[in-house]
Amino acid sequence: MLLFFLFSSWNPFSGGGGESAGRRSQFPPKSLTSKKFSHSAQTSATPRHPLDPLTVGEIHRVRSILSSYEPFLGKFPAIQSMTIDEPDKLRVLGWQSGDPLLPRKAFVIGLLDNQSHLVTIDLESGRVETHEISSGSGYPMLTMEDVAAAVDAAVSYPGLEVSAAARGLSVANLSCISPSPGWFGPEEEGKRLLKVLCYSKQGTPNFYMRPLEGLVMTVDVDRREVIKFSDTGRGIPIPGGANTDYRFHPGNDPPEMNPINPISMEQPQGPSFTVTDGHLVEWANWEFHLKADQRAGFIVSRVVVRDSETGDRRSVMYKGFPSELFVPYMDVDEAWYFKSYMDAGEFGMGATAMPLVPLNDCPRNAHYMDGVFVSADGRPFIQPNMICLFERYAGDSAWRHTELTVSAGGLREARAKVTLVARMASSVGNYDYTIDWEFQTDGLIKITVALSGMLMVKATVHDNMNQIENQEETGPMVSENVIGVVHDHFITFHLDMDVDGPNNTFVKVNLVKEENLEGKTPRKSYLKPVRHVAKTEEDARVKLSLYNPSEFHVVNPSRRSRLGNPSGYKVVPEANAASLLDHSDPPQLRSAFTNNQIWVTPYNRSEQWAGGLLTYQSHGDDTLDVWSHRNREIEDKDVVLWYTLGFHHVPCQEDFPIMPTVAASFQLKPVNFFDRNPILRAHPVFEKDLPVCRPSESASAM
């Protein structure tokens with residue numbers, strides 16, 4: 001559950017208004033002038049591929065161009081986003097390594113005088129090519145400067161000191177955070193808002209478990225002032241801090257379990273993958289382009305698999321990434337109703353990605369990649385080690401069979417399953433999302449979202465469930481005076497499938513029950529696959545149901561196997577959940593992309609963000625749902641598949657004070673793409689291939 005952008009994670013608030021200038025100086029994260037950045041190869045990187053992100057030098061050039069651009073001469077806009085303006089897709093598909101690099105352009109979203117400026121810049125000529133002022137609803141992503149300014153305004157507000165004192169605290173005892181407000185009507189028009197909530201940090205680093213219930217400050221971000229102060233919870237005690245510290249200390253009491261010895265996968269000959277020019281990954285039969293993105297976290301592009309029979313490089317996907325996340329909380333109180341976050345479009349999955357923790361987030365054999373992003377003043381900064389690549393082996397088999405018949409003589413065949421994982425983790429406030437793209441040698445891609453971190457909790461006067469009548473609370477108790485509020489997580493992925501080329505068709509293979517009417521055998525019923533080709537967007541919308549099972553194929557009707565089957569990939573759902581909110585509820589209007597689990601739209605380079613380009617405080621007028629209702633033709637077209645992965649979370653005591661990781665996945669699996677099992681001739685592993693690792697004598701003696 002990624003919720004909001006946490007001010008305290010960069011710079012915990014530790015005093016009154018007199019320190020605000022010092023606090024603000026911590027934003028944005030350290031720029032290129034800092035020592036932290038100087039180690040990175042990104043400082044001297046040059047683009048090698050049309051999809052490479054903007055380099056440090058290019059970001060400086062864009063800033064210089066904007067600084068001398070006439071409409072911005074008097075006042076430089078706050079840069080909310082700056083990315084590579086990717087070349088036309090057909091030109092990228094026609095480009096090969098060694099060709100001259102395609103023209104480089106930058107796309108900038110800037111905020112000036114409460115207007116969103118959308119600017120495209122040609123980096124070679126140094127000219128602004130297009131400049132549009134958005135007329136739709138919504139604002140661009142918040143910057144860290146926005147968040148810092150809002151928290152500064154809130155902690156300096158006199159009413160906060162009064163409310164803190166009423167609870168026996170001073171403002172210096174508080175940590176304050178700034179969740180987004182959603183959108184709930186005309187009274188919120190014309191101004192960018194943030195809600196600020198505060199917690200007691202006394203006695204614990206896990207202040208999330210110690211909320212000042214009912215205290216909400218609404219801040220006008222641009223005016224830097226509190227415009228609404230609400231405190232309805234002074235009679236509710238602040239939960240205690242006992243047993244909330246989740247940090248490791250050598251002196252901690254050990255858990256009541258047998259210890260697990262350290263485990264590591266060793267590669268005596270080094271990893272099997274290579275990373276060329278910073279972004280091009282090659283491993284086994286796979287090749288793809290990988291880059292960090294300030295909004296999506298990371299983007300996988302130009303995914304190609306080599307056919308093990310022919311050696312041909314065959315396209316699978318042009319571009320894939322998490323497009324939006326929606327996290328609604330199920331409480332309608334004044335201090336809770338607005339908590340319905342859209343983490344990618346409001347705060348950025350890359351902007352909130354912290355460095356991965358070696359040996360714990362990623363194994364010893366991992367390769368790390370940085371992200372180069374842009375702060376509000378248009379200068380570059382680094383998110384170091386935010387992506388890791390590693391090979392995974394856990395003793396699983398890629399395929400196996402044992403034959404026990406006498407004639408077979410006891411055949412035993414198995415092949416080890418080794419996969420390649422690209423991983424990142426974002427910490428948007430209390431929740432941490434880990435996103436994996438896992439590539440298998442049999443052509444399958446598995447995409448996993450894992451959740452951990454702290455619950456968003458509500459303080460209560462009760463310290464035991466026996467005191468609660470008529471299920472009045474909006475979640476179960478997870479500790480004394482602490483309610484874990486029920487909530488959902490939805491992650492919608494943009495998957496621009498190019499199965500053996502851009503022109504694809506979406507096919508629903510419905511499993512239909514047939515009756516054995518003739519009665520020639522005792523069987524009374526059976527299942528029969530019935531293919532349905534989706535001709536329009538409406539045909540392709542899918543609500544998953546166990547009792548109406550289907551397979552969902554993206555096929556290339558022009559590419560046939562030797563048996564006449566169209567080449568394809570299918571999306572394979574695993575555990576999932578659907579939004580149960582009313583479609584007219586404001587949060588659901590904005591997040592209508594969760595109304596279905598599968599959508600298919602014709603490719604349109606302007607339709608990448610399921611919640612709209614400008615998501616913050618948007619009204620839901622530029623979403624995947626709106627685009628899909630144009631009901632365009634999609635048969636034998638360049639199409640995009642959208643898949644929404646969902647979680648319902650009813651908290652429990654095991655989630656306190658920090659929750660164990662929970663994960664869900666879906667797969668993109670070849671279906672008639674290869675002529676036979678593509679790893680049939682994979683080599684088995686033998687003892688002689690591996691080093692022999694044994695415990696030391698001292699360890700054995702223990």
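**View 1. Asn385 in strand β16.** Asn385 sits in strand β16, which covers residues 380-392. This is a predicted model. The relative accessible area of Asn385 is 30%, so the residue counts as partly exposed. Beyond its neighbours within four places in sequence, Asn385 is in contact with Met354, Pro355 and Leu356. Tyr368, Met369 and Asp370 are also contacts of Asn385. Met424 is 39 residues from Asn385 along the chain. The C-alpha atoms of Asn385 and Met424 are separated by 9.0 Å.

**View 2. Tyr431 in strand β20.** Tyr431 belongs to strand β20, residues 431-439. UniProt, in an unreviewed entry, places the feature "modified residue: 2',4',5'-topaquinone" at Tyr431. Is Tyr431 buried or exposed? Its relative accessible area is 0%, so Tyr431 is buried.

**View 3. Lys637 in strand β31.** Lys637 lies in strand β31. With a relative accessible area of 36%, Lys637 is partly exposed. Which residues does Lys637 contact, leaving aside its neighbours within four places in sequence? They are Pro502, Asn503 and Asn504. Arg379 is 258 residues from Lys637 in sequence. In space, the two are 40 Å apart, C-alpha to C-alpha.

**View 4. The cis peptide bond at Pro657.** Phe656 and Pro657 are joined by a cis peptide bond. Omega of this bond is about 0°. Pro657 is located in the loop between β31 (637-649) and β32 (659-671).

**View 5. Asp500, with a positive phi.** Asp500 is not a glycine, yet its phi is positive, at about 55°. The residue is found in the loop between β25 (487-497) and β26 (503-515). Is Asp500 buried or exposed? The relative accessibility of Asp500 is 17%, and buried means under 20%, so Asp500 counts as buried.

**View 6. Asn243, with a positive phi.** Phi of Asn243 is near 65°. This is a positive value in a residue other than glycine. Asn243 is in the loop between β8 (225-231) and β9 (274-276). Its relative accessible area is 70%, and exposed means over 50%, so Asn243 is exposed.

**View 7. Phe72 and its contacts.** Phe72 is placed in the loop between α3 (56-67) and β1 (78-84). Its relative accessible area is 3%, so Phe72 is buried. What does Phe72 touch, not counting residues up to four places away in sequence? Its contacts are Leu66, Pro77, Leu112, His117, Val119 and His131. Leu613 is 541 residues from Phe72 along the chain. Their C-alpha atoms are separated by 22 Å.

**View 8. Residues 49-130.** For this span, UniProt lists "domain: Copper amine oxidase N2-terminal", from an unreviewed entry. The chain here is 22% helix and 33% strand. The end C-alpha atoms of residues 49-130 are 23 Å apart.

**View 9. Residues 140-239.** UniProt places "domain: Copper amine oxidase N3-terminal" here, again in an unreviewed entry. Helix makes up 21% of the span and strand 25%. How far apart are the end C-alpha atoms of residues 140-239? They lie 36 Å apart.

**View 10. The whole protein, for context.** The secondary structure comes to 11 helices and 32 strands. The radius of gyration is 27 Å, close to the 27 Å that the globule rule gives for 702 residues, so the protein is as compact as a globular protein of that length. Taken along the principal axes, the C-alpha atoms fill a box of roughly 85 × 65 × 65 Å. Of the 702 residues, 53% are buried. Among contacts with a separation of 6 or more, 69% come from residues 24 or more positions apart. The accessible surface is about 31,800 Å². Carbon and sulfur atoms account for 50% of that surface. The protein has 67 positive and 86 negative charges. The mean positions of the two sets are 4 Å apart.

Terms used:
Residues numbered from 1 in each chain as written. Predicted model: local features only at pLDDT ≥ 70, side-chain atom pairs only at ≥ 80, totals over all residues. Heavy atoms only, no water. UniProt positions renumbered as here; feature names shortened; annotations may be inferred. Helix = DSSP H or I, 4+ residues; strand = E, 2+ residues; numbered from the N terminus. Rg over C-alpha atoms; globule rule 2.2 N^0.38 Å. Buried < 20%, exposed > 50% of the residue type's maximum accessible area, 1.4 Å probe, protein only. Contact = heavy atoms within 4.5 Å. Areas by Shrake-Rupley, 256 points an atom, 1.4 Å probe, with all protein chains shown as cover. Lys, Arg positive; Asp, Glu negative; His and termini not counted. Charge placed at Lys NZ, Arg CZ, Asp CG, Glu CD.
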